[in-house]
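Please examine the sequence and the three-dimensional structure shown here. The paragraphs that follow lead through them step by step.

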Amino acid sequence: MLVASVENMASLSSDLFYDILRRLDGPSLASAACACATFCSISREEKLWENVCSAMWPSTNREDVKSLISSIGGFRKFYADCFPLIVNKEVTEYQWNHYLEYPEEWTEAEYYGDIDGLESISPLDFVSIVDIRYKDKTICSKVLWGIPNANGSNSWFYNCPFRIDLLTYAARDDDSEGEVTLSVADGLPAIISMEKERKDGKLWKELRDGLRLSWIVVNRKVKQAANLASWSPLGGQRHWPTDKDFVIRFGSVLPAKDILPCQVVECILIMKFRVMHTEGEGIETTLKLTELSMQLEDMEGAHVNGRNSLLILKEALSCRRSKNYSEVLESCHLYSKVQSELKEEKMRNESRLDRLCILSGIAAFISFWYYIL
């Protein structure tokens with residue numbers, strides 16, 4: 001029966017196989033390519049992978065982005081680079097005792113970076129391709145060419161904290177998109193008032209569970225790409241001072257070996273929504289996207305400057321990745337755990353130092369009066 005099935009498959013038209021494969025998502029298409037030689041041959045068709053990328057990242061439908069993807073190796077390579085998420089387990093190698101040695105071993109020039117190391121890296125070579133989904137519905141797609149405020153080798157960008165506010169800069173090229181909003185029609189739960197929302201947190205829970213972010217960085221010169229987002233939120237909070245803002249955090253752990261003393265940094269992607277309307281008087285619950293930004297922070301929570309950020313982004317394009325989402329989350333949580341331990345250890349050391357200073361002061365005071373009397 002098995003032989004007969006194979007013979008029957010061989011007699012089928014390749015067009016039929018193509019029609020079957022074009023309906024699959026990326027992981028299913030990759031699995032089908034391993035099933036038999038026929039599927040493997042058909043799955044190499046770029047159009048199939050273009051459809052997969054288009055379904056997962058709608059921003060790849062733009063003609064300029066299609067040209068970019070073709071120039072770096074095609075849609076099949078693009079999907080293989082960007083579907084697996086960055087995973088970094090080298091955080092465990094970072095120990096507090098080693099950390100204390102770095103300030104003495106690293107000179108100021110080594111810590112802040114050498115401009116000569118940036119000769120092969122141009123901010124204009126980086127492209128950000130960003131897509132936001134809510135419950136499998138695309139609500140925002142933006143593309144940013146280059147890194148803003150990074151023109152000129154002597155620019156303040158290299159020595160200032162690195163940050164990209166996508167809504168500020170992408171708006172110049174995407175004015176036609178207008179404001180990005182979410183409403184009940186998109187799947188938001190209807191809420192009567194913010195007072196009720198503060199009690200049950202239904203809207204906040206739906207946002208955390210339903211939002212998905214993809215932030216792909218492409219380097220046109222080296223023809224590499226990577227997804228710096230964690231796909232689903234790593235955490236967040238309700239912004240109580242304003243009472244109407246929801247801050248949601250995505251990100252990944254990036255290698256910084258030989259770039260920074262801490263050896264690893266956190267890429268933090270912040271998304272902020274503001275409640276514009278609530279249910280009442282015929283107005284549905286509506287949220288407006290007010291912030292979508294990227295920044296890099298070291299183990300102490302200090303912002304990485306522009307010079308070192310370029311070097312880190314370049315390294316991130318070739319670092320380890322995984323299709324196992326739980327492994328990705330584990331690496332991010334491991335970073336947070338080590339970071340918390342380092343902060344606690346630093347606070348304990350400072351507390352010991354404070355007590356030592358106080359005791360030394362008391363001893364000096366007693367000795368002084370002892371000799372006087």
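**A guided reading of the model**

Trp231 is partly exposed, with a relative accessible area of 24%; in these terms, buried means under 20% relative accessible area, exposed over 50%, and partly exposed in between, for a 1.4 Å probe and protein chains only. This is a predicted model, in which local features need pLDDT of at least 70 and side-chain atom pairs count only at pLDDT 80 or more, while totals for chains, interfaces and linings use all residues. Residues are numbered from 1 along each chain as its sequence is written, and side-chain values use heavy atoms, with hydrogens and water left out.

Trp231 is situated in the loop between strand S7 (224–227) and strand S8 (235–239). Helices (H or I, at least four residues) and strands (E, at least two) are DSSP runs, numbered from the N terminus. The phi angle of Trp231 is near 70 degrees, a positive value in a residue other than glycine. Lys135 also is not a glycine and has a positive phi, of about 55 degrees. The loop that holds Lys135 runs between S2 and strand S3 (137–145), and Lys135 is partly exposed, with a relative accessible area of 41%.

Trp231 leads to the largest pocket, since Pro27, Met56, Tyr79, Phe83 and Trp231 are the residues nearest its centre among the 21 that line it. The volume of this pocket is about 310 Å³. A pocket is found on a 1 Å grid over the protein atoms alone, as an open set of points with protein on both sides within 12 Å along at least five of seven lines; a cavity is a set of points where a 1.4 Å probe fits but cannot get out, and lining residues have an atom within 4 Å of a point. Grid points are joined across faces, edges and corners, and a volume is the space filled by probe spheres set on the points. Helix H3 (26–32), helix H5 (46–56), helix H7 (75–82) and H14 each give two or more residues to the lining of the largest pocket. The largest share, three residues, comes from H5. By class, this lining holds 13 nonpolar, five polar and three charged residues. Here Ala, Val, Leu, Ile, Met, Phe, Trp, Tyr, Cys and Pro count as nonpolar, Asp, Glu, Lys and Arg as charged, and the others, Gly among them, as polar.

How many cavities of 30 Å³ or more does a search of the whole structure find? The search finds two. The largest cavity contains about 60 Å³ of space, and its lining includes Leu234, Arg249, Glu266 and His333. Strand S9 (245–255) and helix H14 (325–372) each supply at least two of its lining residues. Four nonpolar, four polar and two charged residues make up this lining. The second largest cavity contains about 40 Å³. Its lining has seven nonpolar residues, one polar and no charged, and among the residues there are Phe126, Ile147, Trp215 and Leu313.

Trp215 appears again in the interior: the largest nonpolar core has 67 residues, and Leu211 and Trp215 have the most contacts inside it. A nonpolar core is a set of buried Ala, Val, Leu, Ile, Met, Phe, Trp, Tyr and Cys residues joined through side-chain atoms within 4.5 Å. Strand S10 (residues 264–277) provides the largest share of this core, seven residues. Apart from it lies another core, of 26 residues, which includes Val52 and Tyr79.

Two buried residues and one partly exposed residue complete the picture. Asn88, in the loop between strand S1 (85–86) and helix H8 (96–105), is buried at 5% relative accessibility. Not counting residues up to four places away in sequence, Asn88 touches Val253, Leu254, Pro255, Val264 and Ser331; contact means heavy atoms within 4.5 Å. Thr286 belongs to strand S11 (residues 286–297) and counts as buried at 17% relative accessibility. Lys202, in helix H12 (residues 202–210), is partly exposed at 47% relative accessibility.

Finally, the cysteines may be considered. A disulfide is a covalent bond between the sulfur atoms of two cysteines. Taken as a pair of cysteine sulfur atoms within 2.5 Å, no disulfide is found in a search of the whole structure. Cys53 is in none, and the nearest cysteine sulfur, that of Cys82, is 7.7 Å away. Cys53 is buried, with a relative accessible area of 0%.
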